[in-house]
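Here is a short briefing on one protein model. Look at the structure first, then read the points below.

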Amino acid sequence: MITVFAMAAALWGIGALMKMPARARLYMIGLLYIGVLFVQIALPLGHPLRMATGESAALWILIGVFAAVAVLYGRVIKGLKDRALVKEGANAPPVTRGDNFSASELERYARHIVLREIGGPGQKALRDAKVLVIGAGGLGAPALQYLAAAGVGTIGVMDDDVVENANLQRQVIHRDQDIGMPKVFSAQAAMMAQNPYVEVRPYHRRLTEAVAADLVGEYDLLLDGTDNFESRYLANRVAVEAGKPLISGALSQWEGQISVFDTGSGTPCYQCIFPEAPAAGLAPSCAEAGVIGPLPGVIGSMMAVEAIKVITGAGQALRGEMLIYDALWGETRKIALKRREECPICGERQS
Ligand code: ZN
């Protein structure tokens, strides 16, 4: 029996060395368990293999039942935690803030405060702002880093992925040692290390219908850096319903685009511009088509700039406009966006 436990431990250890996800390692141990059970049931009593693996099938079945109960219990607890995470928004205690900035904060944000368009009131607006970033990947990584550095007081980050080796060519908020870790926690650690004066709320989950409205209601502004149309349409719909501006970025290969969708200001929503998702295969993902590493850095940083402009009222945000950056030829262009009257989300003649 000890031999079997040693084998299980070895499988786990080798899996860890090969950076296999925990789930794959558990499957391997599951297979080992089924093998042992088979030996116990199929071989006659006294068979050396059966003797070596613990002699009795009953004991192994009992262990199996215990393991199943433990897994089930873990799942239930995780489900409850997920729900609590969304309800309360955070596992980090809220940062307590006075009315005034500390000397250290004043020094930190001095380069903002001297800007005529931001100044003290703008920096205070940033501190009081709550921004939800959907996606902690290519676009989310630089956006999150700059929002935290700029002193945006409350930053929510939502993503259900874990950091993978192939992300690190462009997702600079995550590090090699974070491989296998949920992106939201890796991003949270990086942001807190960069600026302890902000509060980061990680949501390790996908944006779903069930939580979208409640969650978006807690924030002033949304940044969409997701890579799938389902999440984009959902984020757009809840943003329009809640009357919150949505800053949306997208990438493909060498080209990026960014716009601020804010129907409250009479400008179009995301679905006015992209009425329906392209047919499968027509919009290949980064994994299929590739993307040049610094491009999400350019567009994600622009998303952070637009967020700061929307929060502080500085300049003119990209409402009703889309900025397109062609990295291959070093060109940018802007196109005007029009609202569609028959848009099912924001149109007056809703179909
Ligand atoms: Zn619309």
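**Briefing: a chain with a zinc site**

K309 and E306 sit 3 residues apart in helix α14 (residues 294–312), so about one helical turn separates them. Helices (H or I, at least four residues) and strands (E, at least two) are DSSP runs, numbered from the N terminus. This is a predicted model: local features need pLDDT of at least 70, side-chain atom pairs count only at pLDDT 80 or more, and totals for chains, interfaces and linings use all residues. Residues are numbered from 1 along each chain as its sequence is written, and side-chain values use heavy atoms, with hydrogens and water left out.

**The whole chain**

- The protein chain has 14 helices and 8 strands.
- Its C-alpha atoms fill a box of roughly 85 × 55 × 40 Å, taken along the principal axes.
- Of the 351 residues in the protein chain, 42% are buried. Buried means under 20% relative accessible area, exposed means over 50%, and partly exposed lies in between (1.4 Å probe, protein chains only).

**Salt bridges**

- A salt bridge is a side-chain nitrogen of Lys or Arg within 4 Å of a carboxyl oxygen of Asp or Glu. By this rule the count is 13.
- Side chains of opposite charge can pair when their charged atoms come close.
- K309 and E306 form one salt bridge, with their closest N and O atoms 2.9 Å apart. K309 is buried, because its relative accessible area is 19%. E306 counts as buried too, at 6%.
- R237 and E209 meet in a salt bridge (2.9 Å, N to O). This pair links distant parts of the chain: R237 lies in helix α11 (residues 229–242) and E209 in helix α10, 28 residues apart. R237 is partly exposed, at 25% relative accessible area. E209 counts as exposed, at 52%.
- K334 pairs with E321, the closest N and O atoms being 3.4 Å apart. K334 is in strand β8 and E321 in strand β7 (residues 321–326), 13 residues apart. E321 is partly exposed, with a relative accessible area of 22%.
- E199, R201 and E218 are joined into one network by salt bridges that share partners.

**The zinc site**

- Four sulfur atoms coordinate the zinc ion: SG of C269, C272, C343 and C346, at 2.2 to 2.3 Å. Donors are N, O and S atoms within 2.8 Å of the metal (3.2 Å for Na, K and Ca); water is not among the atoms, so sites may look incomplete.
- Why is the arrangement tetrahedral? The 4 donor atoms subtend angles of 94 to 119° around the zinc ion. Four donors count as tetrahedral if all angles lie between 85 and 135 degrees.
- Along the chain, the donors follow the spacing C-x2-C-x70-C-x2-C. C272 is in helix α12 (residues 270–273), while C346 is in the segment after β8 (331–336), 74 residues apart. Both C272 and C346 are buried.

**Two sides of helix α10**

- V211, A212, L215 and V216 are buried in helix α10 (residues 209–217). They cover an arc of only 120° around the axis, so they lie on the same side of α10. The arc is that of the directions from the helix axis to the C-beta atoms.
- A210, A213 and D214 are exposed on the other side of α10.

Key: Four donors count as tetrahedral if all angles lie between 85 and 135 degrees; four count as square planar and six as octahedral if opposite donors are over 155 degrees apart and all others between 65 and 115; anything else is irregular.
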